[in-house]
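I opened this entry to look up how the protein meets the DNA. The notes follow the structure.

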Amino acid sequence: MVPLFLISKLQIMNSHNVYKKLLRVYGPQGWWPLLQRSSLPGYDQEGYHPGIYKNDLQPHEQFEIITGAILTQNTSWTNVRSSMGALLEVCRKKGQILSPEFFLAMDHSELAAIIRSSGYFNQKAKKLKAVSSFYLDNRGDLTIPSRKDLLSIWGIGPETADSILLYAYHRPVCVVDAYSVRIFRRLESRGLSSGRQPAAPKEWTYDRLQQKFHSELPPEHRVYNEFHALLVEHGKHYCTSKKQKCNICPLQFDSGVD
DNA sequence: GCCCAGGAGCATA
DNA sequence: TATGCTCATGGG
C-alpha cells in the first residue's frame with residue numbers, strides 16, 4: 001500500500017506532467033531551427049518556428065538538420081549557428097545546396113576550416129563526410145533510414161540518431177540528452193520522479209530514460225519535438241552540471257500542476 | 001584564467 | 001559492462 005502523499009508526488013513528476021509544466025513555463029520552442037527558412041513567415045532570424053510542426057521538409061533542409069545534429073555534439077548552439085552560417089555562405093558562393101555531394105566535394109581541411117567555430121572540427125568534418133557517404137552509397141534520395149542504419153555510421157550515436165529521426169524525418173522518437181538524465185536524476189533524488197525506483201536507485205541510462213518517456217508521453221510527434229527542446233531550455237536555466245538551482249526550479253515549486 | 005556546452009569513439013580493465 | 005581519455009571553439 002502506497003501512502004497517498006507519495007502517490008501524488010509520483011504522479012506529479014511523470015514525464016507527461018514534466019512536459020506540460022515546462023511547456024507552460026517556456027512555451028513552444030520551435031525546434032529544429034532551420035537557418036535556410038529564416039526569411040520565411042513564421043520563422044525567426046535564427047530559423048526557429050514555434051508552433052509550426054509541418055512535415056514538409058525538402059532534402060536540403062533535412063540535411064541541414066542532420067548537419068546541425070552532428071555539429072552540436074557537446075557544443076553550444078551559438079557555435080553551431082556560426083558554422084552553419086559559414087557552410088550556407090560557401091554553398092551560396094559555389095551555387096550549390098547543402099547536400100552529401102557538397103561535403104564530399106571538399107577536402108577535409110577545407111571543410112574543417114569552415115566548421116571551425118563549432119569545435120572538434122577535425123572529428124566533425126570526418127563525421128559529415130561519413131554521413132554524406134552513407135547517403136550517397138545507400139540512399140541517394142534521403143528516404144527514411146532506420147535507427148540501426150544511422151547508428152552504423154561513424155560519428156552517429158544514440159542521441160544524434162534519434163535527433164535525426166525526430167526532427168529531420170518526423171518519426172515519433174524521444175531524444176535523451178545530458179540535460180534529460182541530469183534533470184530526472186535530480187528529480188528522483190528528491191523523490192519527485194515517477195521512475196520505477198529500485199532499492200538502490202540505478203542511474204538513468206539512455207535506453208532506460210527513453211523507455212520511460214515513450215511509456216509516459218502521448219505518442220505524438222509534436223510532443224516529443226517540444227519535450228526534448230524544453231528539457232534543454234530548462235537545463236540551461238536551472239540544471240547545468242555544476243550549478244543546480246533546485247531551490248528555485250519551476251518543476252518543484254511552480255504551482256498549478258495539471 | 002576557469003567552466004561548460006543540444007556526444008561519440010576508443011582503449012583499458 | 002563500465003570507466004576514463006580525447007577531441008576544441010567561444011560565451012559566460
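I call a residue near a strand if one of its heavy atoms lies within 4 Å of it. The model is predicted, so I note that local features need pLDDT of at least 70, side-chain atom pairs count only at pLDDT 80 or more, and totals for chains, interfaces and linings use all residues. Residues are numbered from 1 along each chain as its sequence is written, and side-chain values use heavy atoms, with hydrogens and water left out.

DNA strand C. I looked up its surroundings and found Asn74, Asn79, Arg116, Ser117, Gly119, Tyr120, Phe121, Asn122 and Gln123. Sugar or phosphate holds 57% of the strand C atoms within 4 Å of the protein, and bases hold the rest. I then checked polar contacts (pairs of N or O atoms within 3.5 Å). A side-chain N or O atom of arginine 116 is 3.1 Å from a phosphate oxygen of DNA strand C. Backbone atoms also reach phosphate oxygens of this strand: a polar one of asparagine 122 at 2.8 Å, and an N or O atom of glutamine 123 at 3.2 Å. Helix α7 (residues 121-138) gives the most to this surface, three residues.

DNA strand B. I found 25 residues around this strand, of which Trp32, Asn74, Thr160, Tyr179 and Lys242 come nearest. Sugar and phosphate make up 70% of the strand B atoms that come within 4 Å of the protein. Which strand B atom does the side chain of tyrosine 48 approach? A polar atom of that side chain lies 2.9 Å from a base oxygen. For threonine 160, I noted a side-chain N or O atom 2.6 Å from a phosphate oxygen of DNA strand B.

Conventions: Chains are lettered from A and ligands numbered from 1 in the order in which they are written. A polar contact is a pair of N or O atoms within 3.5 Å; within protein, one must be able to donate a hydrogen and the other to accept it, and residues adjacent in sequence count only if both atoms are side-chain atoms. Helices (H or I, at least four residues) and strands (E, at least two) are DSSP runs, numbered from the N terminus.
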